[in-house]
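Q: I've got this one open on my screen. Can you walk me through the fold, starting with how the strands pair up?

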Amino acid sequence: MSSTAVTGEDHMLNIQDFAEEYFAAAVDPNRERYFSLFADAVVVHDDGRSHHGLTAVRSWRAEVPSVRYDLREVTGTATACKAVAAVSGDFPGSPVTLRFAFTRDVQGKITQLDIEP
């Protein structure tokens, strides 16, 4: 998979590629690769908190510890897909299995992300 962000209609149909890019971008030292996946008005729900807008998502992401993702499953459609990943790192309870529910716009940008156990 290339290191470019997954966006545009060509990438809307392959949810496996999208999920792989999301998790690869999440661990890439180039943080802009990760943020390029999101729409400006994105809403992220994680750990009982909601983050509205790309600026808030940047702040949230700065608090996330360094982790590894092992993608286990991807289901759904191009605009509403779900991924299951084992997440491991230096945090209490590691590893954990988390479920990621993505809503994407027609350009492939994430408009909503819900992360839960």
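**Strands, helices and a pocket**

A: Strand E1 (residues 38–46) pairs with E2 in the antiparallel sense, over 4 bridges. Keep in mind that this is a predicted model.

Q: Which residue stands opposite Arg 49 in E2?

A: That's Asp 46.

Q: OK, back up a bit. How many helices and strands are there in the chain?

A: There are 4 helices and 6 strands. From the N terminus on, the elements run α-α-α-β-β-α-β-β-β-β.

Q: And what's the strand order in the sheet?

A: The order is E2-E1-E6-E5-E4-E3, in an open sheet of 6 strands with mixed pairing. Strand E2 (49–52) and strand E3 (67–76) stand at the edges with a single partner strand each, so one side of each has no neighbour in the sheet. From one strand to the next, the twist averages 20°.

Q: What about E4 and E5, parallel or antiparallel?

A: Antiparallel: 8 bridges join strand E4 (residues 80–89) to strand E5 (residues 96–104). To find your place in that pair, look for Lys 82, which stands opposite Ala 101 in E5. The hairpin of E4 and E5 has 6 residues between the strands, and Gly 93 takes a positive phi near 85° there.

Q: And how many bridges join E5 to E6?

A: 6 bridges, with E5 and strand E6 (residues 110–116) running antiparallel. Arg 99 has Glu 116 in E6 as its bridge partner. The hairpin of E5 and E6 has 5 residues between the strands. In that hairpin Gly 108 takes a positive phi near 90°.

Q: Switching to helices. Which strands does H2 lie across?

A: Helix H2 (residues 15–27) lies across E1, E3, E4, E5 and E6, and runs at about 160° to E3. Helix H4 (residues 54–63) lies across E1, E2, E3 and E6, running at about 45° to E1.

Q: What's the volume of the largest pocket?

A: About 480 Å³. Of the 20 residues lining that pocket, the closest to its centre are Asp 46, Asp 47, Val 64, Pro 65 and Leu 98. Asp 46 is the residue you asked about earlier, the one opposite Arg 49 in E2.

Q: Which elements each supply at least two residues of the lining?

A: H4, E3, E5 and E6.

Q: How does the lining divide into nonpolar, polar and charged?

A: You get 14 nonpolar residues, no polar ones and 6 charged.

Q: Let's zoom in on Val 67. Where is Val 67 found?

A: Val 67 is found in strand E3, which is one of the edge strands of the sheet.

Q: So is Val 67 buried or exposed?

A: Buried. The relative accessibility of Val 67 is 12%, and the cut-off for buried is under 20%.

Q: What is Val 67 in contact with, leaving aside its neighbours within four places in sequence?

A: Val 27, Val 87, Ser 88, Gly 89 and Phe 91. Val 27 belongs to H2 (residues 15–27), while Val 87, Ser 88 and Gly 89 sit in E4 (residues 80–89).

Q: And how far apart in space are Val 67 and Pro 95?

A: They are 9.5 Å apart, C-alpha to C-alpha, with their positions 28 residues apart in sequence.

Q: Last one, for the whole chain. What percentage of the residues count as buried?

A: 39% of the 117 residues. As for contacts with a separation of 6 or more, residues 24 or more positions apart account for 43%.

Definitions and conventions:
Residues are numbered from 1 along each chain as its sequence is written. This is a predicted model: local features need pLDDT of at least 70, side-chain atom pairs count only at pLDDT 80 or more; totals for chains, interfaces and linings use all residues. Side-chain values use heavy atoms; hydrogens and water are left out. Two strands pair if DSSP finds at least two bridges between them. Axes are lines fitted to C-alpha atoms, for helices over the stretch in contact, and angles run from 0 to 180 degrees between N-to-C directions. Contact means heavy atoms within 4.5 Å. On a 1 Å grid over the protein atoms alone, a cavity is a set of points where a 1.4 Å probe fits but cannot get out, and a pocket is an open set with protein on both sides within 12 Å along at least five of seven lines; lining residues have an atom within 4 Å of a point. Grid points are joined across faces, edges and corners, and a volume is the space filled by probe spheres set on the points. Ala, Val, Leu, Ile, Met, Phe, Trp, Tyr, Cys and Pro count as nonpolar, Asp, Glu, Lys and Arg as charged, and the others, Gly among them, as polar. Buried means under 20% relative accessible area, exposed over 50%, partly exposed in between (1.4 Å probe, protein chains only).
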